[in-house]
Amino acid sequence: MARKEPRTGPVGSKLDRPFSEKVIEARGYVAHNMAEYNGKTVVSCSFGKDSLVVLHLALQNNPDVPVVFNDTGVEHPETIQFAKYLTKEWNLNLTIARPSDPWFKLGRNGRSGRWMRQRYTNYWQCVAEFGFARGGKRTGKNGSAGTHCCYYLKDKPMGRSVRENGWKCVIDGLTAAESRQRTLRAVMPDYGACYRFVEWDAQKVHPILWWTEGDVWEYILRLDLPFNDLYSQGSERVGCMTCTAYARWESEMQRLTPKLYPIIRERMAEEDALVLHPDIKVLSTGNLDDSGILTVGTLEG
Ligand code: SF4
């Protein structure tokens, strides 16, 4: 078996520490920030493996700590099922941030402000307006590296929920090892495990920033925590089931949601055709109706 070379540099020295040291550090981040922002801390939980660890750490400090789940409307059924199970089993104090409410009041620090309208409140609206999220392309708002759907379905509802609830500290399960972009950002001077996030007027805390995937599973398995069934099906992630923004989305979607895959592929081909032939018009946009059935747009030459 090939010997694993030790990683070097600041990233390697943070990732390659003993598991016990990382657990002590993570507990410290959670305890310190929950004490400092007493009663104003929330745990952001996607019901994936990383946020499960952080949620478990936070519950040791305060079993009633608020938990916020950002439901994008295109979550895997397994995630919704696990969210329901864990909420009941662990008696979670859960708030759900949804993009579905088009109206919100813009005001800082609990002060009332003017009513604003959010234009895009579901995934298919975002796709119809901005196209599919394509990995590696700067498709986000104002050319940012994020995506429009993440901006409208995640960032905005979460920001609104943080402001409306007066939370001043958001603890989440972000890890640097998840992507190159996250690793680079984690070592930037203004980021790291704790920093001020001006957009939400709150502190962001990533207690397991320097944990590897192996560390996360070690914690879950050692403590025999329940986890999202998507992992038992071989999934690497639990985000939106429609996501096309990461490298292996096609193989994941073909395996996990085989009925959805050809529909998304067809819509992407339509989108490509629109770029090549702008005279083609899309008559209707794909949408998920209340029963979860996907209707697909049609093309007119
Ligand atoms: S995770 Fe993917 S599908 Fe979901 S909002 Fe972000 S880019 Fe869009």
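**Exercise 1. Place A31 in the predicted model, and decide how exposed it is.**

Step 1. Start with the secondary structure: A31 sits in helix α2, which covers residues 19–36.

Step 2. Now look at its surroundings. A31 has 16 C-beta neighbours inside 10 Å. Buried would take 20 or more and exposed 12 or fewer, so A31 ends up as partly exposed.

Step 3. Then check a partner from further along the chain. A31 and Q60 are 29 residues apart in sequence, and their C-alpha atoms are 9.1 Å apart in space.

**Exercise 2. Work out how α2 and α3 are oriented, and which residues make the contact.**

Step 1. Get the geometry: α2 and α3 pack at about 50°, with 10 Å between their axes.

Step 2. Classify the angle. Roughly parallel needs an angle under 35 degrees, and roughly perpendicular runs from 65 to 115, so α2 and α3 come out oblique to each other.

Step 3. Add the hand: the crossing of α2 and α3 is right-handed.

Step 4. List the residues. From α2 come A26, R27, V30, A31 and M34, and from α3 come L57, A58 and N61. A31, the residue from the previous exercise, is one of the α2 residues in this contact.

Step 5. Sort the contact of α2 with α3 by class: 6 nonpolar, 1 polar and 1 charged.

**Exercise 3. Find out which residues of α3 are buried and what they pack against.**

Step 1. The buried residues in α3 are K49, D50, S51, L52, V53, V54, L55, L57 and A58.

Step 2. Their packing partners include the helices α2, α8 and α9 (229–232). Strands β1 (41–44), β2 (66–70) and β6 (169–171) are also on that list.

**Exercise 4. Take the pair α3 and α8 and describe its packing.**

Step 1. Helix α3 spans residues 49–61 and helix α8 spans 213–222; they pack at about 55°, with axes 10 Å apart.

Step 2. That angle makes α3 oblique to α8.

Step 3. The crossing of α3 and α8 is left-handed, whereas that of α2 and α3 is right-handed.

Step 4. On the α3 side the contact has K49, D50, L52 and V53; on the α8 side it has V216, Y219 and I220.

Step 5. By class, the contact of α3 with α8 has 5 nonpolar, no polar and 2 charged residues.

**Exercise 5. Stay with α8 and characterise W217: buried, partly exposed or exposed?**

Step 1. W217 belongs to helix α8.

Step 2. Count its neighbours: 15 C-beta atoms inside 10 Å, so W217 is partly exposed.

Step 3. Compare sequence and space. W217 and K49 are 168 residues apart in sequence, yet the C-alpha to C-alpha distance is 7.7 Å.

**Exercise 6. Repeat the packing analysis for α5 and α6.**

Step 1. α5 covers residues 123–130 and α6 covers 148–165; the angle is about 150° and the axes are 9 Å apart.

Step 2. With an angle over 145, α5 counts as roughly antiparallel to α6.

Step 3. The crossing of α5 and α6 is right-handed.

Step 4. Y123, C126 and F130 of α5 meet H148, C149, Y152 and L153 of α6. Sorted by class, the contact of α5 with α6 gives 6 nonpolar, 1 polar and no charged residues.

**Exercise 7. Which residues surround the ligand, and how do they divide by class?**

Step 1. Collect the shell: T72, A133, T147, C149, C150, L153, K154, G239, C240, T242, C243 and A245.

Step 2. Sort the shell into 7 nonpolar, 4 polar and 1 charged.

Step 3. Cross-check with the helix pair: C149 and L153 are in the shell, and C149 and L153 are also among the α6 residues that meet α5.

**Exercise 8. Locate N91 and D201, two non-glycine residues with positive phi.**

Step 1. N91 has a phi of about 55° and lies in the loop between α4 (77–89) and β3 (93–97). With 11 C-beta neighbours inside 10 Å, N91 counts as exposed.

Step 2. D201 has a phi of about 50° and lies in the loop between β7 (194–197) and β8 (202–205). D201 has 15 other C-beta atoms within 10 Å, so it is partly exposed.

**Exercise 9. Zoom out and summarise the chain.**

Step 1. The chain has 11 helices and 12 strands.

Step 2. Of its 301 residues, 32% are buried.

Step 3. Among contacts with a separation of 6 or more, 65% join residues 24 or more positions apart.

Definitions and conventions
Residues are numbered from 1 along each chain as its sequence is written. This is a predicted model: local features need pLDDT of at least 70, side-chain atom pairs count only at pLDDT 80 or more; totals for chains, interfaces and linings use all residues. A residue is near a molecule or strand if its C-beta atom, placed from the backbone, lies within 6 Å of it. Ala, Val, Leu, Ile, Met, Phe, Trp, Tyr, Cys and Pro count as nonpolar, Asp, Glu, Lys and Arg as charged, and the others, Gly among them, as polar. Axes are lines fitted to C-alpha atoms, for helices over the stretch in contact, and angles run from 0 to 180 degrees between N-to-C directions. Helices (H or I, at least four residues) and strands (E, at least two) are DSSP runs, numbered from the N terminus. A crossing is left-handed if the near helix is turned anticlockwise from the far one by less than a right angle, and right-handed if clockwise. Two residues are in contact if their C-beta atoms, placed from the backbone, lie within 7 Å.
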